[in-house]
Amino acid sequence: MTSKINIHKEADVMVITVNNPPINAGSTEVRQGLLDAVLLFQDDPSALAAIIIGGGNTFIAGSDIKEFSQPLAEPHLPSVIEAIEDCPKPVVCALHGAALGGGFELALGCDARIALEGTVIGLPEVTLGIIPGAGGTQRLPRLIGIEKSIELICGGVRIKAAEALKLGIINKLVNDDLLGNAITYARSLIGQKSRIRDIASPQADADSVLIASQKALKAGKNRPNIQLAIEMISNAMTMPIDQGLATERDVFQTLRVGVEAKALRHQFFAERKLFKALGANELKPKSLERIAVIGAGTMGSGITIACLTAGYSVLMLDQNEAALESGVKKVTDYYDSRVSSGKLLADKAVAILKGFTFSTQWPEIASSDLVIEAVFEDMQVKHAVFQKIEEYANSDALLASNTSYLNIDAIAEKTSNPARVFGLHFFSPAQVMKLIEIVRCKATSLSVMTAGLQFAKRLGKTPVISANAFGFIGNRIYVAYRRQCEFMLEEGAYPEQIDQALEEYGFAMGPFAVADMSGLDIAWAMRKSLAASRNPEHRYVNIPDALCLAGRFGRKTGLGYYQYPQGAKSGVVDPLVKQMIEEASTSKGIVRRTFTAEEIVNRVLLAMMNEIAHLVSEKIVGDVTDCDVALVNGYGFPRWCGGPVFIAREMGKEKLHAEIDELALLSGPGFMKANLDGLFE
């Protein structure tokens, strides 16, 4: 036994308990302890059946991912499962909380599975760039068939125990007393073995497998591990199980040490570090239950929906009655659509909307614990709103601004207690986008920042923390990225070429398609506001301004970097834009040249890396990996590439310095090389 495994006897049943909090991760010590326990059970003549159960709040919620970046120590999980299958006496898995990844594969290696209602099971390995590596692709198809296995494994789908019972994955579902019920069930199996490996190979119609595979590949962005997962699952139809298991393991081990899996692990840990720190924080911040959202526009409505869905009581306030009516309709229509599409039960929607109120009257915010301002991006407007908030909000309520660019310190300084003011930068649509930037002002207290993190966690958001600075983290990097793309326009590339190169690399959208979608006039207004402070000797691309002066503001006007014929879902190349770009190059004496997709992507990545290094040196970001989190969750950066910080670390300092030096020469006056050491801290 090890310290992670406890055993005790219930008469003729041995109970093997995994005790590796908080999630009972399947570490080396857990695997060794389980193997020792199974061998002990096998040799104990008084023990006729065994149960494997998780201590605390869960079964095994996955393998210890930290081990995946190094050679895996023996015993490997397949050896543990082999011992269970070879044992002549029955072993039952008792599941509660979560049985995920290796935990679920362990359960599939047992003779039966009993679960507490509400238990979540699944094989989410594909989300980490790998595939199940301990029999998941071979045993699950023997229980539920090829097509359903492709859906669950390739989608990284987690299902509740009730659905697993219907599918035949688990044998029994109970409402309480999991251990007691498991003991009774195990006794009913004494003298029997019921191994999934002994079930006949599954068969499936070729057309239905093809349809399931195509759907999975499309949803999985055609990533290599999805293709391989489909291949392994399909092997269950033709290969003897031992051959299928060995092939699966070889593929798992190869993928595990690949760059893509390493990048996804980097992102996995980066996204969770703030919540991990929050769990270790002994500070008791203000409890938030009642939220007031000021502004009923697109952002205000989205924030309201996000808060309502998380179980908060929400007051939406807008002094414009027509705007308020429109915002309320957006909220109610959202829940109506969820119900009509079958994504939300009607009674659940009714319960959520019971917490929704709306008003044009400022005194209504007095009972709110958190007031979120989500009005027009104009400093005078925001000052006026915060004056009203100061007048009517509770004196200990937290106050947040949803600004994208404006100086929140300038807002906080005009309040009586700036320590309670901070930024909550949501991304549109706020009810969908995972990223939220929590902005720390000069006077913001630690307890307020902690409360903001707890709020983000309850919303189901992925937070990053930024100091108060222009553009915060994400928009600051995005501006540098877009600027580099504009340089390439002048030098010889065209919008569609740049967009295509970046989308083929994995970006959700290219920068010029994004600009057309969001509206070119928004960035134009920002550029005009900064024009007076711009150094005239620095390189400045006039092409976006020329488009705006021509009334080309993007999709909403039907013309931007692309043409948008009526009813078109995407833009088409406009010869006039090409002409405008070529004229801009000629006016500056730039001889246009051809670009490769690789060069486009490389320049974009280097521009991002350099700007991130500036953010670190300026102390705008505390943990450099927050920049990768922001770009993946808010800006469409391909998750499987890890982010610019991860890529920089893979390149190494020497190569990065040389390439940034070359980028500086290409970018011209105004490009400032950062201290790149911050990328490696």
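**Exercise 1. How do the residues of the lining of the largest cavity divide into nonpolar, polar and charged?**

*Solution.* The structure is a predicted model. Begin with the cavity itself: the largest cavity has a volume of about 50 Å³. Next, list the residues that line the largest cavity: Phe104, Ile121, Gly122, Leu123, Leu140, Leu152, Val157, Ile159 and Ile169. Then assign each residue to a class; Gly counts as polar, whereas Phe, Ile, Leu and Val count as nonpolar. The lining of the largest cavity therefore divides into eight nonpolar residues, one polar residue and no charged residue.

**Exercise 2. Describe the second largest cavity, its lining and the helices that supply it.**

*Solution.* Two cavities of 30 Å³ or more are counted in the model. The second largest cavity holds about 30 Å³ of space. Its lining consists of Pro495, Glu496, Tyr561, Tyr562, Val573, Asp574, Val577 and Lys578. As for secondary structure, helix H19 (495–505) and helix H23 (575–587) each supply at least two residues of this lining. Sorting the lining residues by class gives five nonpolar, no polar and three charged. The charged class comprises Asp, Glu, Lys and Arg, so the charged residues of this lining are Glu496, Asp574 and Lys578.

**Exercise 3. Is Asp574 buried or exposed? Locate the residue and list its contacts.**

*Solution.* Asp574 is placed in the loop between strand E19 (572–573) and helix H23. Its relative accessible area is 6%. The cut-off for a buried residue is under 20%, and Asp574 is therefore classed as buried. When neighbours within four places in sequence are left aside, Asp574 is in contact with Arg552, Leu559 and Gln563. Asp574 is also one of the residues that line the second largest cavity.

**Exercise 4. In what order do the eight strands of the open sheet lie? Identify the edges and one pairing within the sheet.**

*Solution.* The order is E12-E11-E10-E13-E14-E15-E16-E17, and the pairing is mixed. The edges are strand E12 (356–359) and strand E17 (462–467), each of which pairs on one side only. Neighbouring strands of this sheet are turned against each other by 25° on average, direction ignored. Within the sheet, strand E13 (residues 370–373) and strand E14 (residues 398–401) run parallel and are joined by four bridges. At the level of single residues, Ile372 has Ala400 in E14 as its bridge partner. In general, strands of a sheet pair through backbone hydrogen bonds, either parallel or antiparallel.

**Exercise 5. Locate the cis peptide bonds at Pro22 and Pro75, and examine the positive phi values of Asn24 and Phe472.**

*Solution.* Take the peptide bonds to begin with.

- Pro21 and Pro22 are joined by a cis peptide bond with omega of about 10°. Pro22 belongs to the loop between strand E2 (13–18) and helix H1 (28–43).
- Glu74 and Pro75 are likewise joined by a cis peptide bond, with omega of about -5°. Pro75 is found in the loop between strand E3 (49–54) and helix H2 (77–86).

Then turn to the phi values.

- Asn24, a residue other than glycine, has a positive phi near 55°. The loop between E2 and H1 contains Asn24. With a relative accessible area of 2%, Asn24 is buried.
- Phe472, also a residue other than glycine, has a positive phi near 50°. Phe472 occupies the loop between E17 and helix H18 (474–491). Its relative accessibility is 0%, and Phe472 therefore counts as buried.

Notes
Residues are numbered from 1 along each chain as its sequence is written. This is a predicted model: local features need pLDDT of at least 70, side-chain atom pairs count only at pLDDT 80 or more; totals for chains, interfaces and linings use all residues. Side-chain values use heavy atoms; hydrogens and water are left out. Two strands pair if DSSP finds at least two bridges between them. Axes are lines fitted to C-alpha atoms, for helices over the stretch in contact, and angles run from 0 to 180 degrees between N-to-C directions. On a 1 Å grid over the protein atoms alone, a cavity is a set of points where a 1.4 Å probe fits but cannot get out, and a pocket is an open set with protein on both sides within 12 Å along at least five of seven lines; lining residues have an atom within 4 Å of a point. Grid points are joined across faces, edges and corners, and a volume is the space filled by probe spheres set on the points. Buried means under 20% relative accessible area, exposed over 50%, partly exposed in between (1.4 Å probe, protein chains only). Contact means heavy atoms within 4.5 Å.
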